[in-house]
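Me: I have a structure open and want to go through it piece by piece. Can you take some questions as I look?
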Amino acid sequence: MPTSQTNTNPLTALSAATLPAAFIDLLALLMRSPSVVGAEHSFCRVLQRELEERGATVTWYEGLLVAQGKQPDSLYLAAHMDRHGLICTGPNEFQFAAFVAGARSDLLGNSVSEQLMRKVVDRFDGEQVYAYEPWSGTYRGKGTIQEAHICEYRNNLIFSVAGLEHLIAGTPVAFLDKLRVTDEALVGQLDNVLTVAALVYLFECGFQGTAFFTAQEEAGKSWRYLLEWFRRFGGSTNQLIVVDTSPFPDFASAQQQQLVLRNKDANAQFSAKLTAQLAQVCHQLTIPIQYKDTFVEAQNDLLVAQGLPPGSLGSTEMGRIIAASKGLVIGTTVQIPTSGYHTLSETAPREAVAAFLKVMSYLANVPASAVNAD
């Protein structure tokens, strides 16, 4: 990872209100392509087209799409491509896809995702959804969520959907969503298509390293696909940066920082050296940062003092692969702060998205002549 660089890249001069039009167009396109966890194949086809049009060499593996430039070992970046949605599990019966794909019949409450799902169970009422064929992406019909509840017998999220009674078990159902752009933020089902779009855009700007796009992260499986690639093709020690969004309680708290770093998650300690290097880059680019584990621990102190249960540090793809690889893969994360996490109104401050593009282009050593910041 570069530790110093002449500030000649137009992306590093992005103002808070300015985001490249090409990036916004790409994000809007990708958001309209379904990628329900466990049924990401059709989205892989879309990604392959967009990446190859930008000069990347693309290879498919089980649960993993790998895009490489002419210097693939110069920088390893990873983003998960799955998004939350539903899966038909029987006649006119729908369950939350992440828990089906993860073969989890119970919500144990030990992850941020599960804790948040309990809180937002009523927020999906009235939302429009559509079904699709998982391999081709062929449209299979539109419906409306009537209600969602946690079944007392199965202890899992069950949805009632009007208009999709014809579906057979195994059919994925995506939320009907499109990008909304305001003066302050980007809004939609951003996790994790926002950073996927950013990595694809990096190739448009001249990135020559490697970008991994993983499946089934929301089901807790993506790290296995990534680790398998490193065991087959990696070196003795592999340095990885995983990018994602990071939830905050509200938009005001998400705006308190532009990027989120981590020292650790619930699974493992991250690379202290790489995290420090990223913090140095952010400082050099005058980007305010927050360490998410420090933030959560401070919040937990307040909760415990009030007699309330503490929140989870989060179980991330990075932490899982560090814990399982036994030193083969090391790394850290860079995340965009958002509010409304895991809803159709997840909101990312424009300043944060601009800061993310600045840091990523800096790390990727993108040549200035290849970039048009619009």
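Me: Which residues in H5 are buried?
Reply: This is a predicted model. In H5 the buried residues are Val-193, Leu-194, Thr-195, Val-196, Ala-197, Ala-198, Leu-199, Val-200, Tyr-201, Leu-202 and Phe-203. That makes eleven of the twelve residues in H5, which is mostly covered.

Me: Where does H5 sit in the sequence, and what does it span?
Reply: H5 covers residues 193–204. From its first C-alpha to its last it reaches 17 Å, close to the 16 Å expected at 1.5 Å a residue.

Me: What phi does Gly-206 take, just after H5?
Reply: Gly-206 takes a positive phi of about 115° there.

Me: Zooming out. How many helices and strands does the protein have?
Reply: There are eleven helices and 17 strands. The protein has 374 residues, and 57% of them count as buried.

Me: And what about the surface, how much of the accessible area belongs to carbon and sulfur atoms?
Reply: Carbon and sulfur atoms hold 50% of an accessible surface of about 15000 Å².

Me: What share of the contacts comes from residues 24 or more positions apart?
Reply: Among contacts with a separation of 6 or more, such pairs account for 76%. For one pair distant in sequence, take Pro-20 and Leu-357: they are 337 residues apart in sequence, and their C-alpha atoms are 9.6 Å apart in space.

Me: Is Pro-20 buried or exposed?
Reply: Pro-20 is buried, with a relative accessible area of 0%. Pro-20 belongs to the segment before helix H1, which runs over 21–31.

Me: Switching to charges. How many salt bridges does the structure hold?
Reply: Six. One of them joins Glu-133 and Arg-140, at 3.1 Å from N to O. Both ends are partly exposed: Glu-133 has 34% relative accessibility, and Arg-140 has 29%.

Me: Which residues are joined into one network by salt bridges that share partners?
Reply: Arg-49, Glu-50, Arg-54 and Glu-204. Glu-50 bridges to Arg-49, with the closest N and O atoms 2.8 Å apart. Glu-50 also meets Arg-54 in a salt bridge, at 2.9 Å from N to O.

Me: Is Glu-50 buried or exposed? And what is the relative accessible area of Arg-49?
Reply: Glu-50 counts as buried because its relative accessible area is 6%, under the 20% cut-off. Arg-49, at 40%, is partly exposed.

Me: Now Glu-346. Which strand does Glu-346 lie in?
Reply: Glu-346 lies in S17, residues 346–349.

Me: What is the nearest side chain of opposite charge to Glu-346?
Reply: Lys-292, at 9.4 Å. Glu-346 is buried and has no salt bridge. A salt bridge needs the nitrogen and the carboxyl oxygen within 4 Å, so a pair beyond that cut-off does not count.

Me: What joins the side chains of Glu-346 and Thr-338, then?
Reply: A polar contact of 2.6 Å.

Me: And which residues is Glu-346 in contact with, leaving aside its neighbours within four places in sequence?
Reply: Leu-186, Val-187, Gly-188, Leu-190, Asp-191 and Thr-245 are among them, and so are Thr-338, Ser-339, Gly-340 and Tyr-341. Thr-338 is thus on this contact list and is also the partner in the 2.6 Å polar contact.

Conventions. Residues are numbered from 1 along each chain as its sequence is written. This is a predicted model: local features need pLDDT of at least 70, side-chain atom pairs count only at pLDDT 80 or more; totals for chains, interfaces and linings use all residues. Side-chain values use heavy atoms; hydrogens and water are left out. Helices (H or I, at least four residues) and strands (E, at least two) are DSSP runs, numbered from the N terminus. Buried means under 20% relative accessible area, exposed over 50%, partly exposed in between (1.4 Å probe, protein chains only). Lys and Arg count as positive and Asp and Glu as negative; His and the chain ends are not counted. A polar contact is a pair of N or O atoms within 3.5 Å; within protein, one must be able to donate a hydrogen and the other to accept it, and residues adjacent in sequence count only if both atoms are side-chain atoms. Contact means heavy atoms within 4.5 Å. Accessible areas come from the Shrake-Rupley method with a 1.4 Å probe; for residues, only the protein chains shown count as cover. The expected span of a helix is 1.5 Å times one less than its number of residues.
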